[in-house]
Amino acid sequence: MPIKISLRMGGLRESATLELNARAKQLAKDGKNIYNLTAGELASDTPLDIQEHVTKVLDQNKYTPVAGLPELRQLIADHYQAMSGQTWIKASNVVVTAGAKPAEYAVLMALIDPGDEIIVISPYWGSYKNMIELAGGKVKEVPANADFQLDIDAISKAINSRTKGIIVNSPNNPTGATYPKDDLLKLKQVLDSTNLIFITDEIYCTLIYGKDYCLPSSLNFKNTIIINGFSKSQALTGWRIGYLIAPDEVAAAATNILSHINGNAPLPSQHAGITAMQNDDRPPGTTLELLQKQRDIVINKLQKAPDIKLIAPNGAFYFFLDISKVTSDSAKWCADLLDKYGVALVPGEAFAAPGYVRLTFVCEQNTLVEALDRIVEFTNRKDR
Ligand code: PLP
């Protein structure tokens, strides 16, 4: 008899992106020619200055305070104050975590009572739903408009007596959209007339292609909670280092939760964060120029597959391609693309948006070009 898994786990499965990434890596290991465009991480290695600094502190091995090294919390607070203009942010509001995921989860655990609703804008990063439900809450999905932008009317209408807050992610995973200041101000008007909590996931805020990016936390929403980290800005996904910034009572509750389930974030990774913050968390070297170039390559190449509709991303490193003209089953389309052409993309189902696929454009340029040629060929095939 297999051991009975708790009801709380419900239909929870491994993150579809991680699962697909692992499958593509396994196929490559088995000797297949695989073009893996599923990853949610930069392709570059650990920045050298981070390597150098961390090598010097490898003798350190003790627990740190759960909320992180005081020096790092201070650096994060100073950085965020300068970037967002929010003077309420002090070191005591910062909790350093083992990646942004535990930051998000600790916040949701600290806020949600059974049945509370959190508004999320679809398409959305799949972990939001799983974390909200694990914390005992319910997801209130509000679709973005056709340009992947906020639909403020729909958000207003979704608010009811059970609503606790909203998660906003700009730049967005999976769409790459960023929200203009005007729309965010309209959202602020709606939220601030209530007591709702504004959770702003700013993990991609250093990866911006347009000029008009508005950092959501800079708008001083009444109840702001910020999620961020070094995974995307510094190519440190495997080091597990992120943070939350929240009003005192939420920061304290999140720290208490983390003290029982995780303790402090890994010490070497906290030192990596110190180095990153001393450089203002700027992405290393030519990361941005390279990404910008590869973004343009995708736009050019996919013009040859007119049935695929795309909106150029303003930030992050994803395209969310509308393939509804090509197929009604994006999961099967992705499986066929991987089997027949060796190209791995993530089906929109993973982001509550069937009819779409997510393409990451971080890989080496030759790989990206070859993968795009294959996608074009597969899409244009009449016998597909
Ligand atoms: N938030 C968003 C929107 C993400 O896309 C991701 C990772 O893909 C995370 C948070 C989690 O980041 P981390 O790897 O630091 O836990």
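**Notebook: helix α7, helix α11, a three-stranded sheet and a surface patch**

I began with helix α7 (residues 181-192), where K186 and D183 are three residues apart and therefore separated by about one helical turn. I note that the model is predicted.

**Entry 1, pairs in α7.** I looked up the contact between these two side chains: K186 and D183 meet in a salt bridge, at 3.8 Å from N to O. The cut-off for this pairing is 4 Å between the side-chain nitrogen and a carboxyl oxygen, so the pair qualifies. I then asked whether each partner is buried or exposed. K186 is partly exposed, with a relative accessibility of 43%. D183 has 17% relative accessibility and counts as buried, because the limit for that class is under 20%.

I found a further salt bridge in α7, between the side chains of K188 and D192, at 3.0 Å from N to O. K188 and D192 are four residues apart in this helix, about one turn. For D192 I recorded a relative accessible area of 22%, which makes this residue partly exposed.

**Entry 2, a pair in α11.** I turned to helix α11 (residues 330-341), in which K332 and D336 stand four residues apart, again about one helical turn. Their closest N and O atoms are 2.8 Å apart, and the two residues form a salt bridge. K332 is partly exposed at 47% relative accessible area, whereas D336, at 15%, counts as buried. As background, I noted that side chains of opposite charge can pair when their charged atoms come close. I recorded a total of eleven salt bridges.

**Entry 3, the sheet.** In what order do the strands of the open sheet stand? I read the order as β9-β12-β11, three strands with antiparallel pairing. The edges are β9 (318-322) and β11 (346-347); each has a single partner strand, so one side of each lacks a neighbour in the sheet. I followed the link from β11 to β12 (residues 356-360): the two strands run antiparallel and are joined by two bridges. I also looked up the partner of P347, and the bridge leads to V357 in β12.

**Entry 4, a nonpolar surface patch.** Which residues form the nonpolar patch on the surface? I identified I5, M9 and L12, which together have about 250 Å² of accessible area. I placed I5 in the segment before α1 (16-29). At a relative accessible area of 58%, I5 is exposed, because that class begins over 50%.

How values were computed
Residues numbered from 1 in each chain as written. Predicted model: local features only at pLDDT ≥ 70, side-chain atom pairs only at ≥ 80, totals over all residues. Heavy atoms only, no water. Patch = residues over 30% accessible without salt bridge, like charges linked within 9 Å, V, L, I, M, F, W, Y side chains within 5 Å. Areas by Shrake-Rupley, 256 points an atom, 1.4 Å probe, with all protein chains shown as cover. Buried < 20%, exposed > 50% of the residue type's maximum accessible area, 1.4 Å probe, protein only. Pairing = 2+ DSSP bridges.
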